[in-house]
Amino acid sequence: MSFQYFYSQAIEEATARYAKEQQKQNRPFYYAGGTEILTLRRLNIIYPKAVIDIKHIPACNIYKLHEDYLVLGSALSLTEIEEKNFFPLLSDVSTEIADHTARNKITFGGNICGQIFYREAILPLLLTDSLLVFAKDQHLRTELIHDVFDEQLLLQEGELFIQAFVEKKYLAAPYVTIKKRKQWTVGYPLLTIAALKIDSRIRVAISGLCAFPFRSTSLEEVLNQPNQTREEKIAAALKTIAFPILDDVEGSSEYRLFVLQNLLDEVLEQLEEK
Amino acid sequence: MKQKPNKIVLELMINGEKREVVVTQDKTLLSTLRDELYLTGAKPGCYNGDCGACTVLMDNKPMKSCLMLSIEAAKFSITTIEGLKDAPIQQAFIEEFAFQCGYCTPGFIMNCHGLCLAKPEATEEEIQKWLSSNICRCTSYEEIEKAVKKTLALYQKGEQR
Amino acid sequence: MKSWGDEILSLIGKSVIRKEAWTKVTGKAQYTGDYFASDALHVEMVKSSYAHAWITSIDTKEAEKMEGVRAIVLGDNLPLIGEEVIDRPPLATKKVRYYGEVIALVVADSYALARAAAAKVNITYEPIPIVHSPLEAIKPGAPLIHDHIASYETDAGIYPEEGTNIINRTKIRKGNMEKGWNASEFMIEETFSIPLSDHAAMETRTALCEIISDDKIHIITSSQAPYMVKKIISRDFKLSPGKIVVETPLVGGGYGGKASVHLEIFAYIASRAVGGRKVKIINTREEDITVSPVHIGLHATIKLGCAANGKLQAAQLHYIFDGGAYADKSPHLATAGAVDCTGPYKLDNITCDSLCVYTNHPYAAPFRGFSHGEVHFAFERAMDLLAQKVNIDPLAFRQLNAIKPGDTAPTQTKLNKSNVGNVTACIERLRELFPWDGGAIQKVGEHVVRVKGIACTWKNSTIGPDAASGVVLTFNSDGSINLMSGLVEIGTGTKTVLAQILAEKMRMDINKVYVRMTVDTQTEPEHWKTVASRGTLMAGRAVLAACDDAIKQLKQLASAILHAPADDFEVGDEKVYLIDDPSVFLAVKDIAYGYVYPNGNAIGGQIIARGSYTLRGLTNLDKETGAGNPGPEWAVAAQGVEVEVNTKTFEYTVKKAVTVMDIGEVLNRKAAEGQLKGAMSMGISWACKEGFVFDENGVLLNPQLRTYQPIRYGENPEYIVDFVTTPHLEAPYGARGAGEQGLIGMAGALANALSRALDVSLQSLPLIPENIWKEKRRSPH
């Protein structure tokens, strides 16, 4: 069963097409890089009947510094983001996703909104309290990420993720990001940790530990406790993990905890003094 | 007679030639290259974007053709292995014995060629980043490393564009 | 200048560029999937979703009605097939024995239509308890995967044990165990385990079949054994072999996985079901990993003893190979594991039981190394552990025990300078290239150490005494030669080496040798199978024999034309000339296509020369003792690795990998180095990154290249490869086969280095940080 391809050059065109196909019961999908749509479809995990290409919508391709913010369009490919490198933390996280050639196609928005649950590109946005812009029909809304992200982006039906805004002050903040895999340099994450320090506080976001990326205020509270040793902080940090930890082909949950311990240690090592 | 609206006529620019194909809208570029244009250089290895055997250049940027719709490719200039005419990277691969079974070779060559065009000054790290997109099961990668570095040097010296 | 006997060699050793090189870098190289097949119907496999179950019903009614479906094939009325044991229904009928086993074939107009219809085939199952591992398979009371295995037809040398899951047991009984243990002051006894893994060739298996007429079944397949495809379809479907024509073009990697006849059977049955129309079947990557034969696993128990001076005295080996759901080649894999059960060491007292067992896993095909990688992992770990116990440097321990001419192999074969390479020389050269520090732990940073590990290896082939290879040469009118051999070009470059041997022997320009790359079983003489690193030996000897024939014919023609005895002539530089007066000659081009006398009479015609070679002197192995002559020669190597390890996180990288192999003679330098390094890369990948993960339902969890990750560019160490040359006198120019040796010792050497670095004993694969962490937690250190 084939699907129909629609090309759009404007937000309204895309969202209107979505609504129309939805009405016809034609299971529409927004199509940016399309890598996930094509691979999941091949495995009969999704059954798109219509795809709406949003890659050429100008608003989704903005990548520049504007007043106090860095604006990132959702249709930017990951390698485009890495090349211009406005936001080194994001570039460093991005560089570890999939592989370079695939990243010529995988988009920033696609990585965040896709079904594959690692969504590593969102880690820097969680860390920087970024603002996200969505569109549906004629309406645009701007939200603080933490209000619309809970395991995944809480998009309304037919809503399109347009842009992210990151405050400039974060772009030069000291940071560290480390991705650990089952072995060596290519593959799904076992654990990805991204951290930065702003206003003397360390912020941490993690992917691969649980079935969704997250940033935990209770974990950060513990890591930023003034009169504790590193070991004490890490032990307390592990206790804040309330969600079930993944146990799969990449690694067991006990091992993930072991790796998390080492990663937190590394984060504290690099950021504590900064 | 039934009308099936799903097929479209596409004009693709492949290896400098305008080629017309009639395909379903969901047909990948890899399938179109192989089934419609009989350009079998780009190979299927996984249909999942993991192995790189299907790599072609799209406006000189390496792309996995199994992850691209034919219709998406219609806007760009596509180069396949068949479109390289005596590129230095091909010669280098031969001299350095950088292939054995040869199945991953077109994909590797296209990626390397893209790298030479985009970043003749590529650092060790950048070379690794680009080339870890392709899997070779026969060689040790050492020969491929020698071939690509040899060729980058030519581009650096300006002996090649 | 290289020499062989009295001859000065000019091409042997030269890094001649592959004959097919330009086609591979231009996209012109043709593989099975590249054949024009727009006229072919597509075959989709309907696969089992259970690892062990009775099939209670198969309902194809809905699928049959679907658009474009031309046939749905079920397994009733199909003969049992198999290679060494005829135990496999081509399509499962009563029972499924592994997750992914094929139950039906859907033949339809397009791949999409075939897939859609396959999804509509409804099958109901009644699950049976699953046998998850070789150990479970031999437990008393284990579910029997096959009943009445003693009634299966088998090849000679295979001994099924009725009422069990043991499809073969090969025994080695050498020397006197009591004497051996009594002389053993130091002993270790340990178990080792290796899961299944995959060949993961970049080209997935692909086959086409068309039944053109009553007399011709045309199969095109990516195979290492086109002649075995012909043989098996002929034997099991009761067809005259001449009716089956199998064509194999260039193959995109095989590593043994394409030596098993598998997809070709489906292609044939599918074509038959649609009245002989052309059909095409291509494995997706997931199918190639899950459904098609895999890389065997092993559970090993090794008891090894040595005297106080470190000399090995006795070995008791219990190897249980995970053959999977069907036997295919794995009984023989277990035999090979017994034949070379100890690694290249002098051991007079050996008892080995090497079992091949059924499990509810995908079944095993040969994998590069043919059980040697698996056995050497266990044995080389055992050697390091014993060396530790007796407090002798591990490399010195190997050197002390290195096998030599005059010693006997586990099969009691007497070894001499020709049939075994020089282990000691390899070790000595290894020391020069890879300064051995006793395996000392070098601290290079906080929590970071560097450690070296070593292993010594050997391999003989165990392909049967009837394996043969033939070569046909035809001349062109300019005196150039066409070389036809049934050997498949799977990437080893052997077809080019054959051209080198030919050009060397004929003393001609190698650019005038045209090698036919595509193998066709009707027009090219059989090369048994492109496996076992025996291409250069068998096909090379066949080339030499064909050259002798060509030279004889040329001399006879010259003799008739120039009126001198044939023996007075020599052939070289494209001339046939009088030995004592080379100015009297005929150009080969003037006689290779027939000769016309001045008066118009003609003699001769296009010269067609042939040669063949059969492995000689091989015997079956004694059922009780394993004594016999299993193969032509043991190629040996000494290998080492250096790893850099983080002692806190257990992560590591491989910094260096070294192999010194006794190759007998280097035929093509860069090709040989490439083969060795490629094999080392595969060995490192296997040991450090690969391994199937099954869940409690026997479902394979990592069937994609995203979750089953072969080694990538950038993960590779620095490679150092060198050769020692002790000729194998039977082989062309003394050359020993070198396709597999680089792989065999990598896992053992890596585990040895990591074990020492982290003060833990790693006895299972893969060597991923999590497994190391688990082992550290488990062990008392």
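Helix 19 of chain C is where I shall begin: the elements that cover its buried residues include helix 11 (253-271) of chain A, along with strand 33 (652-662) and helix 18 (746-758) of chain C. Please bear in mind that this is a predicted model. Helix 19 itself spans residues 769-778, and its buried residues are Pro769(C), Glu770(C), Ile772(C), Trp773(C) and Glu775(C).

Let us stay with helix 18 of chain C. Its partner here is helix 16 of chain C, residues 669-689; the two axes are 8 Å apart and the packing angle is about 55 degrees. At that angle, helix 16 of chain C counts as oblique to helix 18 of chain C, because oblique covers the angles that are neither roughly parallel, nor roughly antiparallel, nor roughly perpendicular. The crossing of helix 16 of chain C past helix 18 of chain C is right-handed. Which residues make the contact? Helix 16 of chain C supplies Met680(C), Gly683(C), Ile684(C), Trp686(C), Ala687(C) and Cys688(C), while helix 18 of chain C supplies Met746(C), Ala747(C) and Leu750(C). Sorted by class, eight residues in this contact are nonpolar, one is polar and none is charged.

One of those residues, Ile684(C), deserves a further word. Beyond its neighbours within four places in sequence, Ile684(C) is in contact with Trp184(A), Val654(C), Ala657(C), Lys689(C), Ile711(C), Pro717(C), Tyr719(C), Met746(C) and Leu750(C). Ile684(C) also belongs to the largest nonpolar core, which has 303 residues; the members that touch the most others are Phe93(B), Leu105(C), Leu304(C), Tyr319(C), Met506(C), Tyr652(C) and Ile684(C). Helix 14 of chain C, residues 535-562, gives this core its largest share, 14 residues. Another core lies apart from it, with 37 residues, including Leu126(A), Leu132(A), Val148(A) and Phe149(A).

I turn now to a second pair of helices in chain C. Helix 6 (residues 226-236) and helix 7 (residues 263-273) of chain C have axes that come within 10 Å and cross at roughly 50 degrees. Helix 6 of chain C is therefore oblique to helix 7 of chain C. It passes helix 7 of chain C in a right-handed crossing. On the side of helix 6 of chain C we find Val229(C), Ile232(C) and Ile233(C), which meet Glu264(C), Ile265(C) and Tyr268(C) of helix 7 of chain C. By class, that contact has five nonpolar residues, no polar ones and one charged.

Is Val229(C) buried or exposed? Val229(C) is buried, because its relative accessible area is 0%, and buried means under 20%. Setting aside neighbours within four places in sequence, Val229(C) is in contact with Ile219(C), Ser223(C), Val246(C), Val261(C) and Glu264(C).

A comparable case for inspection is His376(C), found in helix 10 (residues 372-390) of chain C. His376(C) is buried, with a relative accessible area of 1%. Outside its neighbours within four places in sequence, His376(C) is in contact with Gly343(C), Pro344(C), Arg381(C), Cys456(C), Thr457(C), Trp458(C) and Ile744(C).

Finally, consider chain A. How many residues of helix 2 (residues 35-42) of chain A are buried? Eight of its eight residues are, and the helix is mostly covered. Those buried residues pack against strand 2 (28-31) and strand 3 (50-53) of chain A, together with helix 3 (111-118) and helix 8 (285-290) of chain C. Just after helix 2 of chain A comes Asn44(A), with a positive phi of about 55 degrees.

Methods: Residues are numbered from 1 along each chain as its sequence is written. Chains are lettered from A and ligands numbered from 1 in the order in which they are written. This is a predicted model: local features need pLDDT of at least 70, side-chain atom pairs count only at pLDDT 80 or more; totals for chains, interfaces and linings use all residues. Side-chain values use heavy atoms; hydrogens and water are left out. A nonpolar core is a set of buried Ala, Val, Leu, Ile, Met, Phe, Trp, Tyr and Cys residues joined through side-chain atoms within 4.5 Å. Buried means under 20% relative accessible area, exposed over 50%, partly exposed in between (1.4 Å probe, protein chains only). Helices (H or I, at least four residues) and strands (E, at least two) are DSSP runs, numbered from the N terminus. Contact means heavy atoms within 4.5 Å. Axes are lines fitted to C-alpha atoms, for helices over the stretch in contact, and angles run from 0 to 180 degrees between N-to-C directions. Angles under 35 degrees count as roughly parallel, over 145 as roughly antiparallel, 65 to 115 as roughly perpendicular and the rest as oblique. A crossing is left-handed if the near helix is turned anticlockwise from the far one by less than a right angle, and right-handed if clockwise. Ala, Val, Leu, Ile, Met, Phe, Trp, Tyr, Cys and Pro count as nonpolar, Asp, Glu, Lys and Arg as charged, and the others, Gly among them, as polar.
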